[in-house]
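Here are a few exercises to work through with the model open beside you. Try each task before you read its solution.

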Amino acid sequence: MIDSRVWQGVESLLDHYVDVRTEDVVILLYSSDSSESAIWVSAALELRHVPVRRVWMAPLHDDGFRERLTLALPPPAELTGRLVVLTFERDTMSHTRTLATALAKYDSHRYTVFRAISASASLFSDALRVSPEELSARNTALLERCMVAEHLRITTEGGTDLNVTIDTERFHWISNRGTARPGGVVVLPAGEVATFPAFICGVFVADFAFNVNALTERDARLQDHPVTVWIEAGRAVKYQCDDLATSQFLEECLQTHCAYNVGELGFGTNIGIRNAIPMNSHINERRPGVHLGFGQHNQDPGIVGYQCAIHLDLIARGGTIWVDSDLVPLDLENVAPSSQRHPTDPRDEDVFSPESFEANDCCGILTGDGLQPLPRSDLRCS
Amino acid sequence: MADLSSEQMRTIIERVTAQVSQEVTSNDATGFVIADIHPHVAEFGKVGGASGAWKISYETTSAAVAAKPDAAKVSSAQLWKISYET
């Protein structure tokens, strides 16, 4: 049976993120690995007397999905409220183009799409209990300081000491805060700001967790065997971990073409997430703290100069950011929310443009085009 | 949301759980259907080159087919015996 914290997360999703109303029609897409999430949200909607139509989907490849989705969608003329699309998957984000094609016949102001990855009890009990307004205020606080910065020094209690050059004119910032423009898609869990570091060097100690865009059953937690990475000119030049299996895993990841590049500098802002969960998931990297994404970057094609099949996030617990010559640092675990409006410059992240509807998450998502055979011993399917 | 007793909530959740379980079971069971065989045959045919390293055979009975009038939607494992030889 569902516990009270999970239930509060379900209610928060419906109240604070979706703002669901009885006149809305909800289409709930789910894969088998996320059936619990489908049950909880379906039940909550039913209790609110909101009509919900569930559509099962196989992850990544499902020849029958288009037909099942088409059958479930109401004709646009019959909508009195909004069309709300909720999707739940554990490791993947599937059928993006099929969904985009199906929604093209609707006015973009009449539908809203929320795509949850890492579907699990923790998604609700931890990540979704924090509202988009709260996340937005914290993201704003970080962006106000970092977007105008030229240099950051980042330290953590675990031993991280990084020097970073920021170039906001060349490399855009991404803000994941649980909201999207009309026609956009919100990727959940939310709570992060990120950019591409124009230059980065130093030592990074990941003592919280990893998150990789591949299917793995490996325990993602790193608190008992932190990973230390030495970085020179934007590249990992050496890494060390006392756990042999994790060390081998890292080696397999970082041997991928271009994977030694630091493609992302990210700061988690979701205060609902405190402890790492074993599952390879986006939940861990939303935790307040600094993380580096190795491999694929988070910028538009052609901006950075390489493309990589892998995105491996190594995540530290907490972090302190010294911004230029400012004597007052940002403590990522104690960010004072900003009362200012969220900046409009950062990409309203997790937005799929109506035209391309491509996943644009800052952290690498396993889509149909992105299934990576890595590492082979960890694969559950291919 | 209207106030509901814990008993009403439990009833709804149990019913939805049963529905979703049935959906998952039925969809997982039919995840690979007879209509999906063709691309797999084509892929297997490529293995070993044009000389054809593999022999693939399918076996069923008319009685088994007759018992499944909606055969195209039935899991292959329920209807066919598929074997490979090389």
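**Exercise 1. Contacts within chain B**

Find what share of the contacts in chain B with a separation of 6 or more comes from residues 24 or more positions apart.

*Solution.* This is a predicted model, so let us start with the contacts it contains. Step one: keep the contacts in chain B with a separation of 6 or more. Step two: pick out those between residues 24 or more positions apart, which account for 56%.

Next, list the elements of chain B in order from the N terminus. The chain has four helices and two strands, and they run α-α-β-α-α-β. To finish, look at burial: a residue needs 20 or more other C-beta atoms within 10 Å of its own to be buried. Of the 86 residues of chain B, 3% count as buried.

**Exercise 2. Where the chains meet**

Work out how many residues chain A and chain B each bring to their contact, then sort the chain B side by character.

*Solution.* Begin with the count: chain A gives 13 residues and chain B gives 13 residues. Now sort the side of chain B that touches chain A: eight residues are nonpolar, three are polar and two are charged.

**Exercise 3. Domains of chain A**

Set out the domain bounds in chain A and the spacing of the domain centres.

*Solution.* Take the assignment piece by piece. Domain 1 covers 4-127, while domain 2 is put together from 138-175, 189-337 and 350-378. Then compare their C-alpha centres, which lie 28 Å apart.

**Exercise 4. Two positive phi angles**

A:His49 and A:Ser118 are both non-glycine residues with a positive phi. Decide for each: buried or exposed?

*Solution.* Start with A:His49, whose phi is about 60°. This residue is in the loop between helix 2 (35-47) and strand 2 (52-56) of chain A. A:His49 has 9 C-beta neighbours inside 10 Å, so it counts as exposed; the cut-off for exposed is 12 or fewer.

Move on to A:Ser118, with a phi of about 60°. Its loop joins strand 4 (111-116) to helix 5 (121-125) of chain A. Because A:Ser118 has 24 C-beta neighbours inside 10 Å, it counts as buried.

**Exercise 5. A peptide bond to check**

Is the peptide bond from A:Leu188 to A:Pro189 cis or trans?

*Solution.* Read omega first: the angle is near 5°, and the bond is cis. Then place A:Pro189 in the chain: it is in the loop between strand 8 (185-188) and strand 9 (192-195) of chain A.

Notes. Residues numbered from 1 in each chain as written. Chains lettered and ligands numbered in written order. Predicted model: local features only at pLDDT ≥ 70, side-chain atom pairs only at ≥ 80, totals over all residues. Domains from an automatic or database assignment. Contact = placed C-beta atoms within 7 Å. Nonpolar A, V, L, I, M, F, W, Y, C, P; charged D, E, K, R; others polar.
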